[in-house]
Protein chains: 2
Amino acid sequence: MGDEENIEITGEDEAWASVEAVGRRRVYRQGGTIDWMHEEAAERGRKHQVEHQRGVRSLLTPLLDSWRMWCVIIATGVGVGCIGAWLDVLVLWLADLRVGRCAYGFFYSRSTCCSGLDVAAGEVCNEWLTWSQSFNVTSTVGQILIQFLVYLIFAVLFASSAAILVQSYAPFAFHTGIPEIKAILGGYVLDDFLSPWTLLIKAVGLALAVASGLSLGKEGPLVHIAVCCASLASGFFAPFRNNEAQKRKILAAAAAAGVAVAFGSPLGGVLFGLEELDLFSNEQVMWRAFVTSVIAAVSLQYVDPFGTGKLVLFQVSTSQQPWRAFELIPWLGLGVAGGLLGALFIKINVAVALYRKRSMLREWPLIEVVGVTAITAVLSYMVAFMRVQTSELVSYLFQECDGSRDYRALCQPEAIWSTTFLLLCTLALKLALTAWTFGMKVPAGVFLPTIAAGACLGRAVGLLLQAWHKAHPTAWIFSSCPPEGNCISPGFYAVIGAAALLGGVTRMTVSLVAILFELTGALSHVLPIMISVMASKWVGDAINKEGIYTAWISLHGYSFLPNIEFRDDEGKGDHYIVPASQIITVNGRSSTLIELDTLLNCNNHDGFPVVDGDMLLGYVTRDRLREALDPLMQNSSEEELQSTRCTFLPRPSSDFVGPNLCNTMERAPMQLRQETPMDIIVPLFQKLNLRYVLFTAQGRLTGMMSKRDVVTLMNAGFKDAGALCDRAGAEHPDQGTRDVVWESEASGDVPLR
Amino acid sequence: MGDEENIEITGEDEAWASVEAVGRRRVYRQGGTIDWMHEEAAERGRKHQVEHQRGVRSLLTPLLDSWRMWCVIIATGVGVGCIGAWLDVLVLWLADLRVGRCAYGFFYSRSTCCSGLDVAAGEVCNEWLTWSQSFNVTSTVGQILIQFLVYLIFAVLFASSAAILVQSYAPFAFHTGIPEIKAILGGYVLDDFLSPWTLLIKAVGLALAVASGLSLGKEGPLVHIAVCCASLASGFFAPFRNNEAQKRKILAAAAAAGVAVAFGSPLGGVLFGLEELDLFSNEQVMWRAFVTSVIAAVSLQYVDPFGTGKLVLFQVSTSQQPWRAFELIPWLGLGVAGGLLGALFIKINVAVALYRKRSMLREWPLIEVVGVTAITAVLSYMVAFMRVQTSELVSYLFQECDGSRDYRALCQPEAIWSTTFLLLCTLALKLALTAWTFGMKVPAGVFLPTIAAGACLGRAVGLLLQAWHKAHPTAWIFSSCPPEGNCISPGFYAVIGAAALLGGVTRMTVSLVAILFELTGALSHVLPIMISVMASKWVGDAINKEGIYTAWISLHGYSFLPNIEFRDDEGKGDHYIVPASQIITVNGRSSTLIELDTLLNCNNHDGFPVVDGDMLLGYVTRDRLREALDPLMQNSSEEELQSTRCTFLPRPSSDFVGPNLCNTMERAPMQLRQETPMDIIVPLFQKLNLRYVLFTAQGRLTGMMSKRDVVTLMNAGFKDAGALCDRAGAEHPDQGTRDVVWESEASGDVPLR
């Protein structure tokens with residue numbers, strides 16, 4: 001199926017993109033950005049050929065063509081759903097293993113071991129043995145000690161295995177993956193990030209990391225896993241394997257499915273894709289994302305890892321009582337607090353990342369993981385709320401006190417002060433631990449711990465308010481409350497707190513509210529969630545512009561153009577245009593072979609403007625030029641290399657002898673006048689996925705700007721941009737980037753025009 | 001608040017857009033398209049000024065500025081919700097009035113009149129008098145006759161009142177409004193469509209039209225009403241009143257709220273906005289749309305017109321039983337049938353619209369409305385399922401047969417053949433009547449009747465399959481069914497049928513499935529809905545490319561660029577580029593005042609390229625040129641007009657005397673080389689909202705293409721494009737459009753270069 005693609009393109013296209021290579025895969029260098037224009041043109045060419053075949057094939061090939069796409073979509077959806085379910089089971093077993101084991105089978109988790117028993121009704125599960133029971137320890141101190149020791153050992157074991165796996169086999173499997181996915185979907189090339197190895201290591205490592213009790217969630221990594229699945233599935237089909245743009249459209253759909261599985265919310269997944277992954281540009285992608293999400297969610301529900309038939313992580317039992325207007329004040333307060341804490345969290349997380357990079361921790365990631373795991377385990381044993389799995393904690397905090405269940409005195413009015421103190425402790429510890437954990441060499445998501453921390457904050461506020469109401473039921477502020485019974489629902493305050501903090505950390509809006517809407521169900525309760533998310537985003541944005549993912553993209557220095565409005569208030573954008581005098585150009589009238597060869601060897605730019613004098617003729621990419629040069633140079637002696645002259649002029653003068661390279665050149669590159677304001681140029685890059693723009697005046701080349709320059713311009717406010725890159729210039733292959741150009745100039749051996 | 005805007009713009013912008021007029025409102029002609037670039041530049045300038053004020057104002061003004069926007073959002077949301085609730089009440093009363101009246105108050109609807117009585121439990125409502133009871137008619141024939149007569153009279157009365165209102169006061173209040181909204185959001189100027197008068201007439205007319213029993217729904221018109229609300233609310237604030245682009249962003253949010261209220265589904269509203277109204281481009285718009293939708297839905301729920309607390313039009317009671325794999329075959333069949341019927345519906349509807357335009361019906365819209373209403377009333381009396389309100393019918397059809405309720409033998413197995421026949425009759429009649437009604441001079445939506453027709457089809461298929469199962473429970477196809485009990489849920493087949501037909505008519509995907517998802521709730525049932533919608537869209541797209549809304553946009557000839565992929569397979573796009581020899585240009589080196597004045601008077605283009613010889617200097621819009629000319633001409637004698645020479649050169653030769661108009665010109669218009677393929681040019685227009693593109697080669701003007709040309713190119717496959725326009729060229733004010741240019745050439749008195 002793969003190699004039947006051998007496509008010719010109509011005449012017009014040739015002028016724009018180098019399309020002779022359409023049938024073959026265009027290879028991009030790791031760290032570069034793909035050429036969207038080229039890839040789209042190639043896809044159009046391919047589709048044209050598919051639809052214009054003769055005979056029976058004209059009917060079958062288009063069907064087959066679209067069937068391939070749906071194959072990938074369905075395979076990805078089912079795969080993500082199954083992996084999600086499998087992860088749940090694995091994590092449950094591993095996490096229970098820290099506490100005890102099943103008497104009749106080592107590989108049973110506690111709930112499987114005790115299945116059939118109604119534990120809530122008081123039935124005792126004798127088949128489940130804690131480690132102290134296993135080892136027949138009877139003294140209380142001994143029991144506590146042995147339990148703690150085994151817990152600690154398993155936690156460290158899990159976390160360090162995850163770190164070793166990641167470090168040895170798939171360095172890209174650490175962290176959440178969402179920043180990289182954003183960059184990749186925007187055209188960044190990072191193939192190792194999508195390899196099957198990474199998929200495997202990320203999945204296993206994630207299960208180990210979550211089970212180790214570290215303060216991390218599995219939502220972000222699930223998105224990474226979903227994207228890897230899609231990459232794997234799309235690798236079987238040539239149209240996706242050979243076209244990076246088409247592949248990215250599939251990856252985008254898969255990313256949405258990852259969120260859908262993580263939260264059991266297919267619409268939330270689609271909206272997350274739209275908002276956070278910038279899939280606004282293509283209607284087809286939206287539909288694919290939706291289909292993938294639904295298939296993934298249905299697969300997860302079908303597998304039903306917990307046998308509950310429930311899809312969502314933590315169902316919220318919203319009390320159906322209405323809320324009162326005065327409650328908007330604490331909710332707004334929670335929003336503001338969430339924004340502040342979120343911004344603080346980002347600052348700490350970035351500081352830790354920089355410290356890790358610059359200190360000796362860089363050399364010893366394993367030590368760091370072991371240390372943090374041990375600290376987390378000790379703290380978990382000391383602070384009651386941190387002992388359970390984070391998702392369990394969240395479900396307790398979201399629960400209303402309806403008398404049926406209670407966890408750790410959450411519902412006991414007499415314990416209000418100690419509970420509040422405990423909640424605030426948990427909040428502080430969770431935030432601190434997560435800020436450190438998020439960035440270590442283990443797969444780690446930031447969603448769930450943030451939700452838990454926010455829920456602690458919200459629940460604490462709710463409890464205090466409830467206590468106030470109980471103490472002074474007739475105070476004027478509570479005048480709208482019913483004379484008896486409850487007025488404040490601390491569980492819903494926890495939801496609000498979670499939304500606010502998550503909003504402050506990720507700066508998401510619509511998708512966040514949609515996910516929480518699907519959790520709570522009640523429409524009238526969406527309004528306060530919305531208000532607090534909005535407040536949180538405003539406060540957060542006032543402190544630092546970037547959400548956590550954008551901050552990490554900047555730290556890594558990925559060439560990613562965020563889809564935000566750019567306003568060149570100070571008019572500084574012009575400094576980012578490289579003037580004509582500093583651009584490395586090709587002399588299009590007449591260049592010797594050796595000159596062209598030197599040009600290619602002495603710098604690593606992706607392409608060069610071709611000029612005649614200072615009149616712009618076109619733009620030639622490195623690959624095309626190299627392709628054209630190689631056969632010419634093989635057949636030439638040293639002397640011929642010096643003397644043979646090539647031209648790029650479409651109609652050279654009749655006495656010119658020598659090869660004409662005019663067909664290697666893109667004859668209609670995007671040109672603007674230099675007077676064009678940056679406010680117009682930046683959206684051009686954002687919306688058209690350009691790699692470069694040439695500036696001309698009356699046909700004369702006056703300047704150039706590359707995507708990398710625009711990224712630098714957009715990152716100008718973030719002082720640590722690129723701090724995690726290993727080599728400063730290594731990832732800047734686009735021509736026009738100032739630092740690279742200066743570098744080349746300094747080396748002195750480049751023919752400047 | 002309004003006139004404090006007096007903004008200066010930084011130097012760069014001037015080169016791009018004519019921004020001296022930023023502070024004032026730029027007036028666009030009805031039927032033109034707005035200049036997005038200009039409006040965005042103006043907004044950037046305004047924001048810049050707001051944020052760079054001194055003293056206390058620097059803190060307060062930005063807050064005030066964003067507060068204004070939220071004011072509009074909240075007002076719109078609350079307004080739409082309240083209007084939606086008020087409409088429900090009004091329609092209920094009017095519709096009941098056709099059947100009878102309340103004994104103790106004329107203005108009570110039946111349910112209000114009988115409130116407190118449990119009609120289902122057999123209590124008789126004596127306060128509600130049918131007209132035959134009112135008139136004390138006792139004979140059965142007399143009763144039937146009098147009931148029918150009153151019904152007919154009221155129906156005709158309502159419909160004709162609606163038509164008279166529309167025709168006399170607000171001609172734009174007819175039809176659904178969604179095509180116009182799509183065009184307006186895309187930049188089309190149609191101010192009358194958004195006037196308060198239109199709002200009032202549309203709301204009242206809609207209530208009358210729905211109550212008249214005509215085959216129409218209120219969903220589309222509700223979107224129109226929402227947009228009118230937003231236009232009204234935004235008119236109070238200068239930033240929106242003076243900036244068409246900012247206003248459109250508010251209108252887009254309101255449109256989503258309209259759908260949210262119509263279906264009680266805020267997420268569905270947002271997705272509808274994203275998918276059908278092309279709001280992909282702006283993240284802010286998405287958030288605003290979401291907020292507006294939620295506020296509107298909460299308002300509607302708060303007002304609670306029916307006292308049920310339910311938000312959605314027709315709750316679906318999905319039987320929780322799983323579906324079987326063999327059912328995919330009938331569901332796929334329903335999808336295909338929905339696509340076929342949908343495409344057929346569009347064809348008939350377009351044919352009727354053309355017939356109406358070309359026949360004598362054009363002169364007598366009132367007669368048509370009266371006639372169709374009468375026919376509909378008679379048919380409604382004859383076909384049982386059409387007698388109730390369409391929304392009621394749909395809720396019956398979606399209902400499962402759980403023994404509690406039954407309507408017209410829908411659940412009686414012995415009546416299967418007659419019921420199926422009746423359902424298919426209803427389907428045919430509904431489709432035919434809707435195809436005629438949708439386009440008459442009354443407010444009319446196409447959603448609800450389509451849903452009803454589709455539900456009839458689905459229910460019929462479900463009933464037949466159920467009967468087959470009952471007759472042959474052991475057939476191999478039913479092997480996966482449980483040995484006893486039900487296997488087929490005809491109610492869910494009705495949902496599938498509705499989704500399929502709606503998909504075929506509107507060609508929506510994600511938003512349609514999302515709305516039905518919120519109706520049914522069960523995630524596993526989304527999969528079949530998705531499959532049938534997809535099948536329906538494929539089949540429909542294979543027959544005719546346009547959905548019903550796009551078809552109407554084409555019929556009206558609005559300058560709207562659909563956000564679909566354009567592939568120039570036959571390479572015919574080049575024909576739509578106007579060559580330089582046919583462009584009306586301004587001589588930039590030296591033109592007399594009278595030459596420029598003649599240029600402006602002899603054609604209605606929006607702007608002209610300025611050239612020196614054939615070198616392009618820039619682009620000047622009609623408004624700017626007129627503004628600059630007027631003061632010069634007032635102070636000049638006839639002779640001076642002939643002799644005074646103006647120049648557009650930035651640096652004219654030192655011996656040149658006369659006014660320099662170079663600042664009126666946009667010096668950096670978008671330029672491309674003519675070799676650029678159409679596949680690249682069309683997305684440029686789509687994504688950047690351009691109005692024109694100039695083609696140059698080495699600085700020489702070689703051609704031009706306007707947005708209108710691109711629209712014509714995109715509509716090339718639709719043969720009736722612009723058929724409903726009154727004058728062919730009247731709505732083509734953009735320069736470069738071929739027909740207009742030729743027209744001007746024919747007149748002969750235009751200075752061609």
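In the predicted model, the accessible surface of chain A amounts to about 28800 Å², and carbon and sulfur atoms contribute 59% of this area. The secondary structure of chain A comprises 28 helices and eleven strands. Of the 753 residues in chain A, 61% are buried, and among the contacts of this chain with a separation of 6 or more, 76% are accounted for by residues 24 or more positions apart.

On the surface of chain A, a nonpolar patch of about 340 Å² is formed by Leu64(A), Trp67(A), Ile74(A) and Val78(A). One of these residues, Leu64(A), lies in helix H3, which spans residues 57–97 of chain A. Leu64(A) has a relative accessibility of 34% and is therefore classed as partly exposed, since this class covers the range between the limits of 20% for buried and 50% for exposed residues.

In chain B, His175(B) is situated in the loop that connects helix H6 (140–169) with helix H7 (178–185). The relative accessible area of His175(B) is 0%, so this residue is counted as buried, the cut-off being under 20%. When residues up to four places away in sequence are left out, the contacts of His175(B) include Lys202(B) and Pro221(B), together with Phe438(B), Gly439(B), Met440(B), Val442(B), Pro443(B) and Ala444(B), and also Trp552(B). His175(B) in its loop between helices H6 and H7 of chain B is thus a buried position, whereas Leu64(A), in helix H3 of chain A, is partly exposed and takes part in the nonpolar surface patch.

Methods: Residues are numbered from 1 along each chain as its sequence is written. Chains are lettered from A and ligands numbered from 1 in the order in which they are written. This is a predicted model: local features need pLDDT of at least 70, side-chain atom pairs count only at pLDDT 80 or more; totals for chains, interfaces and linings use all residues. Side-chain values use heavy atoms; hydrogens and water are left out. Helices (H or I, at least four residues) and strands (E, at least two) are DSSP runs, numbered from the N terminus. Buried means under 20% relative accessible area, exposed over 50%, partly exposed in between (1.4 Å probe, protein chains only). Contact means heavy atoms within 4.5 Å. Patches are made of residues with over 30% relative accessible area and no salt bridge: like charges are joined within 9 Å, nonpolar side chains (Val, Leu, Ile, Met, Phe, Trp, Tyr) within 5 Å. Accessible areas come from the Shrake-Rupley method with a 1.4 Å probe; for residues, only the protein chains shown count as cover. A salt bridge is a side-chain nitrogen of Lys or Arg within 4 Å of a carboxyl oxygen of Asp or Glu.
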